[in-house]
Amino acid sequence: MRKSSHSGLTHYFFVQLEEALKKMKDISSAFLATEKVGKLMKKYAIPCIISLLVGALYNIVDQIFIANADYLGSYGNAANTVVFPLTVIALAVAVMIGDGCCAFVSICLGKNRPQGASKSVGNSILLIIILSMALMAIYLVFANQILAMLGGTVNAETFKNSQEYFFWISLGIPFYMFGQAMNPIIRADGSPKFAMVTTVSGAAINVVLDPIMIYGLLGCPQMGMAGAAIATVIGQIAAAAFAAWYLFHTKIIKISKSDFKPDGKIIIQTINLGICSFLSQISLVAAMAAINNMLRRYGAADAVFGQAEYAQIPMAVVGIVMKFFQIVISIVVGMAAGCIPIVGFNMGANLKQRVKKLFTILLIAEAATGALGFVIVEFFPKAIINIFGAANESAYYTEFAVKAFRTYLVFIVLACVNKAAFIFLQAMGKAGASTMLSMVREIIFGVGFAIVLPMFFGLDGVLYSMPVSDLLTAVLSLIVIVMTYKELNNKIENTPAETPSNG
């Protein structure tokens with residue numbers, strides 16, 4: 001059998017790369033070392049962005065159809081928000097393994113060590129299967145306790161919908177995690193388009209089945225939250241099946257049975273390279289758990305949302321705000337993750353000026369993405385809310401949603417730049433700095449301010465927690481970015497045979 005966070009290379013490139021690593025006489029074959037970094041970024045980032053956006057649609061599409069079902073409405077919306085952090089936990093483990101393996105493979109190829117690359121993939125496949133089964137078991141056994149910890153007890157109807165949705169989502173966890181972990185590995189094997197098709201196919205199935213199962217179309221009974229979850233799981237199974245098929249049709253990195261034998265050193269190195277992806281996701285779960293519980297607590301003290309019929313609105317609305325933010329962050333992460341193989345190869349080849357140039361282009365692109373997001377949330381919040389069923393809700397729903405979008409995401413530009421810096425540092429092998437920034441942002445600031453600010457500002461304090469966190473994190477990110485530029489400027493690098501225009 002052959003073997004296949006965030007980005008990939010074409011089959012043609014890998015064929016040329018193998019020759020380059022042996023001879024380095026054919027200039028055109030040293031693709032990552034000579035091609036314009038802007039062109040490389042476009043080539044590798046676009047498939048990654050599309051894959052991440054489509055992957056994000058699984059939960060977002062569920063929430064859109066749930067919100068527009070009049071028999072579910074904001075209760076179903078709130079339930080979706082409660083369960084969402086639990087899918088992020090599964091994603092955190094998957095991207096840790098997938099992104100870590102992708103970075104490890106790229107660095108190994110840059111150093112002409114294909115055996116290390118194949119070992120990493122074999123061990124990553126084994127690891128994701130074991131961990132996904134374990135997480136599914138934990139979810140099924142401790143479902144009620146977990147949902148309560150995430151604020152699911154805001155009212156009885158929300159908790160009931162959360163239980164129904166979470167049960168089926170838990171059954172699909174192994175398929176979801178396997179597909180997500182294999183995606184960056186498939187890209188690293190030179191098949192970014194296949195990785196994209198794998199994700200798109202699963203999401204497309206979900207989009208088709210959601211209205212059928214939720215609204216009771218084509219003779220299907222209305223299945224409520226269970227229908228939304230089952231549609232999602234079927235899509236995840238399809239995506240996982242495509243990924244499994246690819247393992248028998250890989251292009252470059254060939255694995256044998258011996259590569260599946262656990263190798264502690266390889267596993268640790270792979271996890272170290274992916275730990276920032278894990279921590280950035282898992283720390284987000286801690287922040288979401290704190291926010292959900294503060295929304296429940298301080299919403300109960302609010303004159304309007306303290307009423308039983310409106311109690312679920314703050315949680316439902318903030319869930320929608322997070323879903324929009326997830327779309328923006330998918331673009332941001334896709335651009336940064338698309339740089340991982342490029343950065344890994346050039347760092348391995350000691351071509352630091354190319355890394356510096358790529359970093360500059362990335363930061364500008366991320367800031368531009370954040371600026372576009374800012375315009376949307378500040379000037380067109382009602383258009384977003386209407387997509388998520390505002391027409392079926394009270395005026396309190398729309399009023400709070402407009403405030404939430406404009407307040408919670410006011411510093412979305414800084415959030416985008418922060419995320420880009422975290423991932424780029426990870427790709428450079430600076431896991432310590434990357435992890436530190438991510439943990440400070442999500443745990444110390446994200447959780448801390450979500451708990452402290454409501455003490456002074458009530459429900460509005462929950463909304464203030466994100467912009468304050470992003471602003472303070474940006475100060476730290478700026479320091480690390482400046483230090484990184486200085487380090488890259490001071491490095492003596494190898495210079496491949498290239499023309500000035502190829503820099």
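This report walks through a few helices and buried residues of a predicted model.

## Helix H9 and its kink

Let's start with H9, which covers residues 192-215. Its 24 residues take it 35 Å from the first C-alpha to the last, close to the 34 Å expected at 1.5 Å a residue. There is still a bend to look at along the way: H9 has a kink of about 30 degrees at Leu209, shortly before the proline Pro211. Just after the helix comes Gly216, with a positive phi near 75 degrees.

## Ile212, beyond the kink

Ile212 is also part of H9. Its relative accessibility is 18%, and because buried means under 20%, Ile212 counts as buried. If you set aside neighbours within four places in sequence, the contacts of Ile212 are Leu217, Leu218 and Cys220. A little further along the chain is Gln222, 10 residues from Ile212, and the C-alpha atoms of these two are separated by 8.1 Å.

## Ser191, ahead of H9

On the other side of H9, the loop that joins it to helix H8 (173-188) holds Ser191. This serine is buried, since its relative accessible area is 4%. For a pairing across the sequence, take Ser191 and Tyr246: they are 55 residues apart along the chain, while their C-alpha atoms are 9.6 Å apart in space.

## Asn161 in H7

Another residue worth a visit is Asn161, which sits in helix H7 (residues 156-171). With a relative accessibility of 4%, Asn161 counts as buried. Who are its neighbours? Not counting residues up to four places away in sequence, Asn161 touches Leu72, Tyr75, Gly76, Ala79 and Met225.

## H12 against H14

Finally, here is a helix pair. The axes of H12 (residues 313-337) and H14 (residues 352-379) come within 10 Å and cross at roughly 170 degrees. That angle is why H12 is described as roughly antiparallel to H14, as angles over 145 degrees count that way.

On the H12 side, the residues that meet H14 are Phe324, Val328, Ile331, Val332, Met335 and Ala336. Their partners in H14 are Leu362, Ala365, Glu366, Thr369, Gly373, Ile376 and Val377. Sorted by class, this contact has 10 nonpolar, 2 polar and 1 charged residues.

Key: Residues numbered from 1 in each chain as written. Predicted model: local features only at pLDDT ≥ 70, side-chain atom pairs only at ≥ 80, totals over all residues. Heavy atoms only, no water. Helix = DSSP H or I, 4+ residues; strand = E, 2+ residues; numbered from the N terminus. Expected span 1.5 Å × (residues − 1). Bend = angle between axes of the 7 residues up to and from the residue. Buried < 20%, exposed > 50% of the residue type's maximum accessible area, 1.4 Å probe, protein only. Contact = heavy atoms within 4.5 Å. Axes fitted to C-alpha atoms, helices over the stretch in contact; angles between N-to-C directions. Parallel < 35°, antiparallel > 145°, perpendicular 65-115°, else oblique. Nonpolar A, V, L, I, M, F, W, Y, C, P; charged D, E, K, R; others polar.
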